[in-house]
Amino acid sequence: MNFYPPPPVIEAQLHVRIPDAVRCIGQDSEWRGGFARKFQYIFLEGPVADESGNLYVVDIPYGRILKVDPQKNVTVCCTWDGEPNGLVGTQDGVLLIADYKQGILSFDPATGEVTPKLTRKNLERFKGPNDLVLDSKGNLYFTDQGQTGMTDQTGRVYRLSPDGKLDTLVDNGISPNGLVLSLDERFLFVAMTRSNQVWRLPLHPDGTTSKVGVFFQSFGNAGPDGLALDEEGNLFICHPSLGSIFVVDPNGVPKARIVSGTEGINLTNCCFGGPGHKTLYITDSLEGNIQKVDWHCRGAVPPPKLHAPRST
């Protein structure tokens with residue numbers, strides 16, 4: 001039930017299409033999303049914009065990270081035997097990767113190398129990590145989605161401390177997906193895709209959570225995916241099956257609905273970057289496009305300063 005009027009609709013614009021020369025056309029992959037639309041040998045997610053204006057995205061089916069530079073040139077940074085879903089930049093100048101197949105990995109742009117960071121909990125493999133976010137103290141929060149859903153409510157949300165301690169915050173998640181911290185880092189928002197919800201987790205000083213509630217409820221074939229936050233605390237909720245990004249204020253009141261500017265509707269993830277850190281970049285996953293929207297304020301998470309590739 002929603003007594004608020006429909007919010008303004010904003011149409012995104014095409015920023016760049018990943019060219020055919022960079023796509024893995026004709027190459028087979030174990031990964032298939034089961035989409036009704038035609039597979040175009042690419043599926044983009046996990047955007048991160050760095051301090052230099054570069055935009056990094058993952059290509060899930062082919063285990064790759066792609067880079068779009070400020071001139072919109074697209075290059076392949078690295079390839080490995082994985083299925084990467086999410087990226088986050090660190091203070092150490094590297095990108096951490098949530099990889100469905102391999103766990104949590106690290107990519108160093110200086111060397112182009114991908115190395116393991118956390119591949120198991122004790123001796124047990126993860127279900128399939130999906131997304132990750134860092135707080136100001138260096139704690140890494142990540143979702144372990146796997147194939148969980150309404151009939152298997154065992155998705156997990158973890159926190160990895162800088163000292164290596166791994167805590168389980170949620171073990172009854174219904175397909176935990178994207179996640180983002182509130183401005184004051186007192187709350188963690190987690191998209192639960194198969195229940196069409198976003199959960200709000202209070203984070204206590206001792207590292208635990210309780211009184212977890214539903215912050216956002218939607219509908220559709222598949223629910224919320226990636227999340228982002230601006231400096232005013234507005235939450236951006238990507239909803240691929242509805243071809244929209246819903247923007248709500250810190251209380252959950254609707255502020256805007258961003259819709260696709262192309263034929264694609266799989267708007268899976270978004271991040272801030274660009275001039276003034278006021279451009280919202282959006283992965284139009286199945287089409288292999290990146291769309292954008294000029295926003296009125298900055299993103300909440302500062303752009304990371306990543307290592308520059310070494311000259312050869």
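Visitor: What makes I104 one of the contacts of F142?
Guide: A contact here means heavy atoms within 4.5 Å, and in this predicted model I104 is among the residues in contact with F142 once neighbours within four places in sequence are left aside. The list also has L118, F126, D131, L132, R156, V157, Y158, L166 and L179.

Visitor: Where does F142 sit, and why is F142 called buried?
Guide: F142 lies in strand β14, which covers residues 140–144. Its relative accessible area is 0%, and buried means under 20%, so F142 counts as buried.

Visitor: How far is F142 from F107?
Guide: Their C-alpha atoms are separated by 17 Å, and the two residues are 35 apart along the chain.

Visitor: Which residues join F142 in a cluster of ring pairs?
Guide: Ring pairs link F142 with F126 and Y158. The count of aromatic pairs comes to 9.

Visitor: Why is the pair of F126 and Y158 called edge-to-face?
Guide: Look at the distance of the centres and the angle of the planes, which is how a pair of aromatic rings is described. For F126 and Y158, the centres are 5.5 Å apart and the planes are at 65°. Centres within 6.5 Å make a pair, and planes over 60 degrees apart count as edge-to-face, so this pair fits on both points.

Visitor: Which parts of the chain does that pair link?
Guide: F126 is in the loop between β12 (124–125) and β13 (129–134), while Y158 is in strand β15 (residues 155–160). The two are 32 residues apart. With relative accessible areas of 10% for F126 and 0% for Y158, both are buried.

Visitor: And what makes the pair of F216 and F246 tilted?
Guide: The ring centres are 6.0 Å apart, and the planes meet at 40°. That angle is neither under 30 degrees, as for stacked, nor over 60, as for edge-to-face, so the pair is tilted. F216 belongs to strand β20 (residues 213–217) and F246 to strand β23 (residues 244–248), so the pair ties together parts 30 residues apart in sequence. Set against the cut-off of under 20%, F216 at 13% and F246 at 18% both count as buried.

Visitor: How do you know that the charged end of R200 sits over the ring of F187?
Guide: The charged end is 3.7 Å from the ring centre, and the distance part of the rule asks for within 6 Å. R200 is listed as sitting over F187.

Visitor: How many disulfides does the structure hold?
Guide: The structure holds 0 disulfides. A disulfide is a covalent bond between the sulfur atoms of two cysteines.

Visitor: Why is C77 not bonded to C78?
Guide: The sulfur of C77 is 6.0 Å from the sulfur of C78, its closest cysteine sulfur. The cut-off is within 2.5 Å, so that is too far for a bond. Likewise, C271 has its closest cysteine sulfur in C270, at 7.4 Å, too far for a bond. C77 is partly exposed at 22%, whereas C271 is buried at 10%.

Visitor: What makes β7 and β10 the edges of their sheet?
Guide: The sheet is open, with 4 strands in the order β7-β8-β9-β10 and antiparallel pairing. β7 (84–89) and β10 (113–118) each have a single partner strand, so one side of each is left without a neighbour in the sheet. Neighbouring strands are turned by 30° against each other on average, direction ignored.

Visitor: How do you know that β7 pairs with β8?
Guide: Pairing takes at least two bridges, and 5 bridges join β7 to β8 (residues 95–99). In one of them, P84 has D99 as its bridge partner in β8.

Key. Residues are numbered from 1 along each chain as its sequence is written. This is a predicted model: local features need pLDDT of at least 70, side-chain atom pairs count only at pLDDT 80 or more; totals for chains, interfaces and linings use all residues. Side-chain values use heavy atoms; hydrogens and water are left out. Axes are lines fitted to C-alpha atoms, for helices over the stretch in contact, and angles run from 0 to 180 degrees between N-to-C directions. Buried means under 20% relative accessible area, exposed over 50%, partly exposed in between (1.4 Å probe, protein chains only). A charge sits over a ring if NZ of Lys or CZ of Arg is within 6 Å of the ring centre and within 35 degrees of the ring normal.
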